[in-house]
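Subject: Structure for you to look at

Hi,

Here is the structure I promised to pass on. Could you open it and keep it on screen while you read the rest of this email?

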Amino acid sequence: QVQLVESGGGLVQAGDSLRLSCAASGRTFNTDAVAWFRQAPGKEREFVAAIRWSGGSTYANSVKGRFTISRENAKNTVYLQMNSLKPEDTAVYSCAAGSGLYSVTSAYNYWGQGTQVTVSS
């Protein structure tokens with residue numbers, strides 16, 4: 001099993017920045033990549049970004065140029081740096097671990113509980 005714990009969410013104003021963290025523990029060697037997804041009220045969960053522990057990343061078009069995903073292998077932690085936040089970025093952000101850089105939820109076997117990000121206008 002792999003356990004994932006997110007942190008770093010909060011309430012910010014439009015244009016501000018936040019950095020989310022996803023700390024992984026357990027049998028992390030069973031996973032190849034970590035992704036961030038988000039879900040806004042009344043909407044389906046959507047892909048944000050993903051990164052391989054060995055390098056390589058991919059982003060949703062909606063966040064490209066504003067968000068940066070990175071990893072710190074020694075701490076088994078993945079970060080999501082979010083800049084120039086917009087009200088439409090408001091959602092619960094969850095990290096997930098799986099194999100490969102995929103943008104679909106079915107590719108990820110392990111999920112965290114999520115952290116709320118609220119961006120006011």
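Below is what I found in it, going from the whole chain down to single residues.

One thing to keep in mind from the start: this is a predicted model.

**The whole chain**

Let's begin with the overall build. The chain has 11 strands and 0 helices, so if you read the elements from the N terminus you get β-β-β-β-β-β-β-β-β-β-β. The radius of gyration is 13 Å, and the globule rule gives 14 Å for 121 residues, so the chain is as compact as a globular protein of that length. If you drew a box around the C-alpha atoms along the principal axes, it would be roughly 40 × 30 × 25 Å.

How much of the chain is buried? Of the 121 residues, 45% count as buried. About 6100 Å² of the chain is exposed, and 44% of that comes from carbon and sulfur atoms. Now take the contacts between residues at least 6 apart in sequence: 55% of them join residues at least 24 apart.

**The disulfide**

Next, look for the cysteines. The whole structure has 1 disulfide, and it is formed by cysteine 22 and cysteine 95, with sulfur atoms 2.1 Å apart. This pair links distant parts of the chain: cysteine 22 is in strand E3 (residues 18-26) and cysteine 95 is in strand E9 (residues 91-98), 73 residues apart. Is the disulfide right-handed or left-handed? The torsion about the S-S bond is about 70 degrees, so the disulfide is right-handed.

Both ends are tucked away from the surface by the numbers. Cysteine 22 has a relative accessible area of 1%, so it is buried, and cysteine 95 is buried with 0%.

**The salt bridges**

There are 5 salt bridges by count. Some of them join up: Arg38, Glu46, Arg66 and Asp89 are linked in a network. Here is how you can trace it.

- Start at glutamate 46, which pairs with arginine 38; their closest N and O atoms are 2.6 Å apart.
- Arginine 38 also forms a salt bridge with aspartate 89, with the closest N and O atoms 2.9 Å apart. Aspartate 89 sits in the loop between E8 and E9 and arginine 38 in strand E4, so to speak distant parts of the chain, 51 residues apart.
- From aspartate 89, go on to arginine 66, where the closest N and O atoms are 2.7 Å apart. Arginine 66 is in the loop between E6 and E7 and aspartate 89 in the loop between E8 and E9, so this pair ties together parts that are 23 residues apart in sequence.

Which of these residues are buried, and which partly exposed? Glutamate 46 counts as partly exposed, at 35% relative accessibility. Arginine 38 is buried at 6%, arginine 66 is buried at 12%, and aspartate 89 is buried at 0%.

**A few single residues**

Threonine 115 is in strand E11 (residues 115-120) and counts as buried, at 11% relative accessibility. Its side chain reaches the backbone nitrogen of glycine 9 at 3.2 Å. Beyond its sequence neighbours within four places, threonine 115 is in contact with several residues, including Glu6, Leu20 and Tyr93.

Alanine 60 lies in the loop between strand E6 (57-59) and strand E7 (67-72). It is buried, with a relative accessible area of 14%, and it touches Phe47 and Val48, not counting residues up to four places away in sequence.

Proline 41, in the loop between strand E4 (33-39) and strand E5 (46-52), counts as exposed at 74% relative accessibility. Proline 41 and valine 92 are 51 residues apart in sequence, with their C-alpha atoms 8.6 Å apart in space.

Last, two backbone angles. Most residues other than glycine have a negative phi. Asparagine 76 has a positive phi, near 50 degrees; you'll find it in the loop between E7 and strand E8 (77-82), partly exposed at 26%. Serine 84 has a positive phi too, of about 50 degrees. Serine 84 is in the loop between E8 and E9 and counts as partly exposed, at 41% relative accessibility.

Have fun clicking through it!

Definitions and conventions: Residues are numbered from 1 along each chain as its sequence is written. This is a predicted model: local features need pLDDT of at least 70, side-chain atom pairs count only at pLDDT 80 or more; totals for chains, interfaces and linings use all residues. Side-chain values use heavy atoms; hydrogens and water are left out. Helices (H or I, at least four residues) and strands (E, at least two) are DSSP runs, numbered from the N terminus. Buried means under 20% relative accessible area, exposed over 50%, partly exposed in between (1.4 Å probe, protein chains only). A polar contact is a pair of N or O atoms within 3.5 Å; within protein, one must be able to donate a hydrogen and the other to accept it, and residues adjacent in sequence count only if both atoms are side-chain atoms. Contact means heavy atoms within 4.5 Å. A disulfide is a pair of cysteine sulfur atoms within 2.5 Å. The radius of gyration is taken over C-alpha atoms; the globule rule is 2.2 Å times the number of residues to the power 0.38. Accessible areas come from the Shrake-Rupley method with a 1.4 Å probe; for residues, only the protein chains shown count as cover. A salt bridge is a side-chain nitrogen of Lys or Arg within 4 Å of a carboxyl oxygen of Asp or Glu.
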